[in-house]
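Colleague: Please choose one part of this model and take me through it closely. I would like to hear how its pieces meet, with the cut-offs as you go.

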Amino acid sequence: MQPEAQLTSPGPDLSGPETPTAQKVVVIGGGPVGIRAAQELVQRGQQVTVLSGEAVTPYNRVRLTPLLSGDVQFGDIILPDLENLGEGFTLVEGMRVVAIDRDAQQVVTADGGTWPFDKLVVATGSNAFVPRIPGVELPGVFTFRTADDAAALLARSLSARKVAVIGGGLLGLEAAKGMRARGCEVTVIEHEARLMPRQLDSGGGARLALQIEDIGVAVRTGIAVKTIDGEFRVAGLTLSDGSTISCDTVIVCTGVRANITLAQEAKLAFGRGVVVNDQMQTSDPDIFAVGECCEHQGQMYGLVGPGYAQAEVAAAEIAGEGTRFVGQTPATKLKVIGADVFSAGAVEQLDASAAIKSHVWEDNLGYRRIFLDRGKLVGAIAVGPCPQASRLQDGVEQQITVYPWMLHRFRKTGQLWLEGEQAVDAMPDTATVCNCTGVTCGAIRKAINNGCGTVDEVSFETGASTVCGTCRPLVEDLIDVGGKPQPMPLWKPVLGFSCVAALGALYPLLAGHVPLPTSYDADSLRVWLWRDNIVKQWSGFILLGLFVSAMVIGLRKRIRWTDRLGSFDAWRLVHLGIGIAAIIGFVAHTGFRLGSNLNMALGLGFILTAAFGAIAGLTTGGDHELRARRIGNSRNPPRKLPTWVHILTIWPLPVLILLHVLASYAF
C-alpha cells in the first residue's frame, strides 16, 4: 500500500541559502500539524528540517477511512504542495527521533545521527490507547490510527468476515464504516450509554445509532468488553453482561494518549501532555510543542484545527512576530458513516450540569439541541442536516444572547435565525467554515478578495477543505457570493435622483416652511401659488396624480410579468423621478406649511414617505459599496429596512388624502 518514500538526504547538514535572521529549526513529527508548522516557518524565512518517524510521505490522517474503504488511493491523501516549499525545507522520512539533548541543542535519531537546532518544535502527536483487555495480544486484534494500521486492515479485510470494533467514538465509527464497505459484518461496542459520548447527548447518540444501523452496522452501547476470546487467534468477545459476540477480527479504537516520551526523558514539564504557554513554548524556551502532544492551560485538543492554530503561533513566535494561542471551543462538524454530526462546546459537561438549560428540536430528518447558560449560547448538537451549523459554532464561541423570539423559532423550526439571515454572505467573519483547519469566513473572504476563484485556490491559500472535505460546499457558496459585489444597472442615476429627493424631503427640517407673502402682489409667484384657489386646486390634483402614478409604478415593479413594458431598473429610475416631481408638487401646493390636525398628519406622512423613499434609493444605488463593507448581504440587502418603512408610510396616505379632499370641498 505504501508508495516508495521520497527521501531527502538524511544527516545533520542543514546547509542552504539563509537570510541573516534565519534559524535552524527542527520539527519532530511529519503529521499534518508538524507539516503546517514547517510550512509557516519556511514562509517566515526559517531553515526547517522535518524528521518523520513514518517511512511514507506525510498524509492526511482524516482520510484514512476512504483509503480503507477503497474510495481513494494513498496518493490521493498525501499532503499537497510540499515540493513547493523551496530550499529552506527538508523532509526526512523514516527517521525516528530517540532523544532530545537540550544542553547540546540537538536531537538524536535511531540511526545514531544528530541534528542541531536553534529552535525545536515537538509535534509527536498521540498513540492509540489499547486497554488491558485479556486476549488483546491475540492475532487478529488491530488498531486504526496510522497509514500502517490502515494497510494492515486493508490486507485483513480480504479474509475477515465478522469484525468487532471496540469504541463508539469518531475513530471507531470510521473504522466500522471502512470495514463495512469491504463487505464485512460489523458490530460496534461502546461502554458508554451512547455513541460519541464526548460530542453527543443521549438523544443525538440514539439518532446516530439508528442511521448507522441503517447501513448494516450493529451497535451495542452501555456495555463493556470483558475478554477477547480465542486460543491461537481471535474467535469472539465476551461482554460484561455475559453475552458473547462471534468475530474473527477486533479493531480497538478506545481513544489516544499523547506521545510525550521524548519530552519526559528530556525533563520538560508535562501533565497529560507537554505543558506549553500561550506562545506554545515548553519549560525550555527554545523548544515548542504543538498538536495532540501538548497541553495548554490544562486543555488538550484531539482535532487538527486547534493544532494548526498552535503551529501558526509557534512559527510566529520563532520568527519574532509575537502572538499567542488563546484556546478554542471544542467543536466537531463532519460526516460520520454518511451522517452529518455537529457538536460545539463542552457538551458532556453541559449535559450533566443542572444549571444549564437546554432545548431540543427534532423531526424525521434530524435532531438538534442547544445549551443556554443564563440566556447565553454555550453548546449545540446536531445529527442530520443543520444548515446553521457554522453560525451555531460561532455563536457558541462568542456566547451570543439567545432572545425569546429566537428560542421560539428554534423550538418550532430547529433554527435560531431566519432563513434569510443564514445566507453564507450573512455569516460573520469569525464563523468557522473548516473545523479541521480552523479556517474562518473572514480568512476565506480575504482569499477571495485576493483573487482566489476556485475551491482549490482557496484551499491552497487557507488550508480549508484540505482534510475531510465536509466544508467544500460551504466554501463553494462563499466563492459564489464572496467576490466583490457588483453595482446594479443605472446605479449612478439612482444615487443622483435619490440625493435630490433626500434634499427635498429634508428641506423643512433644514430651512423650515416657505413663508406666505405679507402683502398682495399680483406678480408674486407665492401669491399665485398659495392665494389663488384655482391654482391651489390644480396643484393639488397634479400632486394627487403624481402620488397615484408613483404607487402604480411601485406595484408594477413587483409584478414581474410586466417586464415587457421595460426593465425593472429603468422603472425604478422613473419611480424616483416621479417622487422628485411629487416633492416639487408638494412644495407648490403647500410651501411646506403643514397646518394642523388632518392636514399636519397628511403633510408629515408625505414627508416621511419621501424621506424613506430617498434613503431606500440611496442604499439601493450604493448597495455594492455597502455590502463590500459587510453592511447587509444579498439576501438581506441594506435597502430592505428603509424600503419597508417607505411602503408602510405610503398606505395611510390614500385615506388621509381622501379625507383632505372631502374636507376641502365641504368647508
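Modeller: Happily; what follows is a look at one helix pair, and then at one pair of rings. This is a predicted model, where local features need pLDDT of at least 70, side-chain atom pairs count only at pLDDT 80 or more, and totals for chains, interfaces and linings use all residues. Residues are numbered from 1 along each chain as its sequence is written, and side-chain values use heavy atoms, without hydrogens and water.

Helix α14 (residues 491–511) packs on helix α17 (residues 568–590) at about 20°, the axes being 9 Å apart (helices are DSSP runs of H or I, at least four residues; strands, E, at least two; axes are fitted to C-alpha atoms, angles running from 0 to 180 degrees between N-to-C directions). The two, α14 and α17, are therefore roughly parallel (under 35 degrees). From α14, residues including Phe 497, Val 500 and Gly 504 meet α17 residues, among them Arg 572, Leu 576 and Ile 580 (heavy atoms within 4.5 Å). The residues of this contact comprise 10 nonpolar, three polar and one charged (Gly counts as polar, Pro as nonpolar, Arg as charged).

As for rings, the structure has four aromatic pairs (centres within 6.5 Å). One is Tyr 301 with Phe 325: centres 5.9 Å apart and planes at 90°, so edge-to-face (over 60 degrees). Tyr 301 sits in the loop between β20 (294–296) and α7 (304–318), and Phe 325 in the loop between α7 and β21 (331–336), so the pair ties together parts 24 residues apart in sequence. Tyr 301 is buried at 12% relative accessible area (under 20%, 1.4 Å probe, protein chains only), and Phe 325 is buried at 3%.

How values were computed. Parallel < 35°, antiparallel > 145°, perpendicular 65-115°, else oblique. Phe/Tyr/Trp six-rings, centres within 6.5 Å; stacked < 30°, edge-to-face > 60°. Buried < 20%, exposed > 50% of the residue type's maximum accessible area, 1.4 Å probe, protein only.
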